[in-house]
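I opened a fresh page for this one. My plan is to look things up bit by bit and jot down what I find.

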Amino acid sequence: MRGRLRWDCVPSTCALARGDERSIAAKVHLVEALGAETVIHATAGGAGKVLIVLEGQPQIARGSDTRLAFDDAHVHVFDANGERIEPDQGATGAI
């Protein structure tokens with residue numbers, strides 16, 4: 001069963017977009033500066049809640065609008081039953 005698809009990626013493989021790279025719009029709700037890394041809680045369009053872990057302490061504030069970039073190699077797609085859809089199972093194009 002395919003139905004509605006959901007995508008996910010490891011939080012440390014996402015980044016704040018720079019320039020013209022492909023990205024999705026996001027709204028920052030919480031920034032946790034933990035010293036060596038920063039955890040950002042956001043919502044992104046149809047993706048819903050998003051968690052991003054970045055090295056260091058980037059200049060981003062709660063309530064700000066930003067864009068998130070991700071590498072297709074680290075994106076996983078799941079069907080309505082939570083089953084992972086492998087890239088060779090009829091997926092066409094990039095996420």
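**The loop glycine**

I started with Gly 35, which sits in the loop between β3 and β4. My strand labels are DSSP runs (E, at least two residues; helices would be H or I, at least four), numbered from the N terminus. Before going on, I noted that this is a predicted model, where local features need pLDDT of at least 70, side-chain atom pairs count only at pLDDT 80 or more, and totals for chains, interfaces and linings use all residues. Residues are numbered from 1 along each chain as its sequence is written, and side-chain values use heavy atoms, with hydrogens and water left out.

Is Gly 35 buried or exposed? Neither quite fits: with 41% relative accessibility, Gly 35 counts as partly exposed. The scale I used calls a residue buried under 20% relative accessible area, exposed over 50%, and partly exposed in between (1.4 Å probe, protein chains only).

I also checked the backbone there: the hairpin of β3 and β4 has three residues between the strands, and Gly 35 takes a positive phi near 95°. Next I looked for contacts, meaning heavy atoms within 4.5 Å. Leaving aside neighbours within four places in sequence, Gly 35 touches Gly 56 and Gln 57. Glu 55 is 20 residues from Gly 35 in sequence, and their C-alpha atoms are 8.8 Å apart.

**The whole chain**

I zoomed out and counted eight strands and zero helices in the protein chain. Buried residues make up 25% of its 95 residues. Of the contacts between residues at least 6 apart in sequence, 57% join residues at least 24 apart.

**The sheet**

In what order do the strands of the open sheet lie? I read off β2-β6-β3-β4-β5, five strands with antiparallel pairing. β2 and β5 stand at the edges with a single partner strand each, so one side of each has no neighbour in the sheet. From one strand to the next, the twist averages 45° (axes are lines fitted to C-alpha atoms, and angles run from 0 to 180 degrees between N-to-C directions).

Reminder to self: strands of a sheet pair through backbone hydrogen bonds, either parallel or antiparallel. For a pair to count, DSSP must find at least two bridges between the strands.

I then went through two of the pairs. β3 and β4 are antiparallel over six bridges, and Lys 27 stands opposite Thr 43 in β4. β3 and β6 also run antiparallel, joined by four bridges. Ala 25 faces Arg 67 in β6, while Ile 24 has Leu 68 in β6 as its bridge partner.

**The core**

Which residues touch the most other members of the largest nonpolar core? They are Leu 16, Ile 40, Ile 52 and Leu 68, out of 15 residues. Such a core is a set of buried Ala, Val, Leu, Ile, Met, Phe, Trp, Tyr and Cys residues joined through side-chain atoms within 4.5 Å. The elements that give two or more residues to this core are β2 (14-16), β3 (24-33), β4 (37-44), β5 (48-55) and β6 (65-70).

I followed Leu 16 further: beyond four places in sequence, its contacts include Ile 40, Leu 54, Pro 58, Thr 66 and Leu 68.

That led me to Thr 66, which lies in strand β6. Thr 66 has 17% relative accessibility, so I wrote it down as buried. Besides Leu 16, its contacts beyond four places in sequence include Ile 24, Ala 25, Val 28 and Ile 60.
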